[in-house]
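Thanks for making the time this morning. I would like to walk through one structure, going from single residues to a helix and then to the empty spaces, and I will try to keep each statement to what the coordinates support.

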Amino acid sequence: MIKSKRQLPNPKYFFSLIDWKLPSLNRSKSLMAKTFTVADIAKVAKKKVPKVVFDYVEGAALEEDGIARSRATFARAEFYPQILRDVSNIDTTTKILGKKVDLPIIFAPTGYTRLMHHTGEPAVAQVAADRNMVYCLSTMGTTSPIELAKAVPDSRRWFQLYLMKNRVDSLNIINQARENGFETLVVTADTPVLGIRIRDARNGMTVPPRIRLSTVLAIAMKPRWWANLLTTPPLEFAAFRGWSQTLSELAPLIFDSSLSYKDIQWLQTVWEGPIVVKGVQCKEDAVKLAKIGVQGIVLSNHGGRQLNRGTVPLEILPEVVAAVGKKMDVYIDGGVMSGQDVYAAIAMGATAVMIGRAYLYGVMADGQRGVEKVIDILKTELINSMGLTGTRTVAEIKEAGIRIRPIG
Ligand SMILES: Cc1cc2nc3c(=O)[nH]c(=O)nc-3n(C[C@H](O)[C@H](O)[C@H](O)COP(=O)(O)O)c2cc1C
């Protein structure tokens, strides 16, 4: 039997093992210090904002199958590792619409970001600028195109458009985007009617938020969030300044249910830059859009917030890329929560992924710092997957490919 040799305890050695760093008195800092995954950051976010806000971000349509299926498909991705390849230099850069970015990740358009954290859209755009990434501002943003351009002049920015029934109003917003340096128009086409969001209905979610009796309790639970809300400029749809309606009143004006291919062709006559159509959910539409010459598409079911039982973007990605990938950029979104998910999407042929909830968890948890942490985590995990699969560049991830494990 082997025995360890014993000695008297060595106090010097004991003290050398102690980590003398005191825990931070700043609650956000100490909570964030214990986060290692985007899911950890989501848990911090839940502690920081009222339930109605967290549910608005995390929720999806009806039984929320759409987002669950996207997540489940990512979890079934099985990589194809090759060993004995020199991975001492890993390069995550790629090209999005022909221009170099540091990561194959785009910040998706999300409405109402100042509801999640008082610093709102500029905090996210600042991270995009610092990390050489693309930020897409939503038509439903709480920061207008001009305010965003002023706050973060050096960000590479796209503008997401909901084409409105009244084309004069649309042109007004398109002009705001053009005049303020937005390089690409992202036309969201999966909202001919609004999805049915049960969590929001149950929570009595309204945009802007209404103060009810139950809100008083919510204020007591999250005083700092409320203090920030009440001491910063009122929440509003900044692109529609002067319009005083709530979201439900605006929806029929903003979401044009008669939107068709002709409207995309009309947009091509009034917008000189690239056009990306977001919300493509089948190969046929991808092919039609390639034919009329748009520069990119986002395979997306709006993070499961619109059609609940639509296709899973990752599943249809290979056939779409095979059909149109040589003619345009093909992005994908919905349920990207880790660097492994980014790897899987690229390996299946995507030009890049868009992330929505992942960065919004960061925003809710800790504003700009929270978004930075989310990007750090995604990047570290992506580099780790690349190292372990022997892929040194985004192009090599595509060559390596993956398979989606069959169910069962
Ligand atoms: C809170 C929230 C607000 C959103 N607002 C918009 C929007 O204004 N316009 C739009 O095109 N998509 C919007 N989306 C959808 C995102 O652009 C993106 O398609 C989706 O979030 C991707 O799924 P993920 O959140 O799982 O990453 C929103 C998503 C969330 C979570």
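Let me begin with a cut-off: a residue is called buried when its relative accessible area is under 20%, exposed when that area is over 50%, and partly exposed in between. Please also keep in mind that what you see is a predicted model.

With that cut-off in hand, take Asn-180, which sits in the loop between helix H9, residues 167-179, and strand E7, residues 184-188. Is Asn-180 buried or exposed? Its relative accessible area is 14%, and because the limit is 20%, Asn-180 counts as buried. If we leave aside the neighbours within four places in sequence, the residues in contact with Asn-180 are Pro-145, Ile-146, Ala-149 and Arg-157.

Two other residues can be set beside that one. Lys-288, in helix H15, has a relative accessible area of 43% and is therefore partly exposed; its C-alpha lies 8.6 Å from that of Tyr-261, although the two are 27 residues apart in sequence. Pro-11 belongs to helix H1, residues 11-16, and at 52% relative accessibility Pro-11 counts as exposed. Between the C-alpha atoms of Pro-11 and Ile-355, which are 344 residues apart along the chain, the separation is 50 Å.

Now to a whole helix, H16, which runs over residues 313-324 and in which Pro-313, Leu-314, Ile-316, Leu-317, Val-320 and Val-324 are buried. Why do these residues fall on the same side of H16? They do so because they cover an arc of only 140° around the axis. As background, an α-helix has 3.6 residues a turn, so residues three or four places apart point the same way. As for what covers the buried residues of H16, the list includes helix H5 (65-75), helix H15 (283-292) and helix H17 (339-347), together with strands E9 (296-299), E10 (329-333) and E12 (402-404).

On the cysteines I can be brief, since a search of the whole structure finds zero disulfides. Cys-136 is buried, at 0% relative accessibility, whereas Cys-282 is partly exposed, with a relative accessible area of 24%.

That leaves the empty spaces, and I will take the enclosed one before the open one. How many cavities of 30 Å³ or more does a search of the whole structure find? The search finds one, and the largest cavity holds about 40 Å³ of space. Its lining consists of Arg-114, Leu-115, Met-116, His-117, His-118, Trp-225, Asn-228 and Leu-229, with helix H6 (113-116) and helix H12 (223-230) being the elements that give two or more residues to it. By character, that lining divides into four nonpolar residues, three polar and one charged.

The largest pocket, in turn, contains about 950 Å³ of space and is lined by 47 residues, of which Tyr-56, Gly-111, Arg-197, His-302 and Arg-305 lie nearest its centre. Two or more lining residues come from each of helix H4 (51-58), H5, helix H10 (198-203), helix H13 (247-254), strand E11 (352-355) and helix H18 (357-389). Which of the elements gives the largest share of that lining? It is H18, with four residues. The lining of the largest pocket divides into 24 nonpolar, 15 polar and eight charged residues.

I will stop there and take questions.

How values were computed:
Residues are numbered from 1 along each chain as its sequence is written. This is a predicted model: local features need pLDDT of at least 70, side-chain atom pairs count only at pLDDT 80 or more; totals for chains, interfaces and linings use all residues. Side-chain values use heavy atoms; hydrogens and water are left out. Buried means under 20% relative accessible area, exposed over 50%, partly exposed in between (1.4 Å probe, protein chains only). The arc is that of the directions from the helix axis to the C-beta atoms. Contact means heavy atoms within 4.5 Å. On a 1 Å grid over the protein atoms alone, a cavity is a set of points where a 1.4 Å probe fits but cannot get out, and a pocket is an open set with protein on both sides within 12 Å along at least five of seven lines; lining residues have an atom within 4 Å of a point. Grid points are joined across faces, edges and corners, and a volume is the space filled by probe spheres set on the points. Ala, Val, Leu, Ile, Met, Phe, Trp, Tyr, Cys and Pro count as nonpolar, Asp, Glu, Lys and Arg as charged, and the others, Gly among them, as polar. A disulfide is a pair of cysteine sulfur atoms within 2.5 Å.
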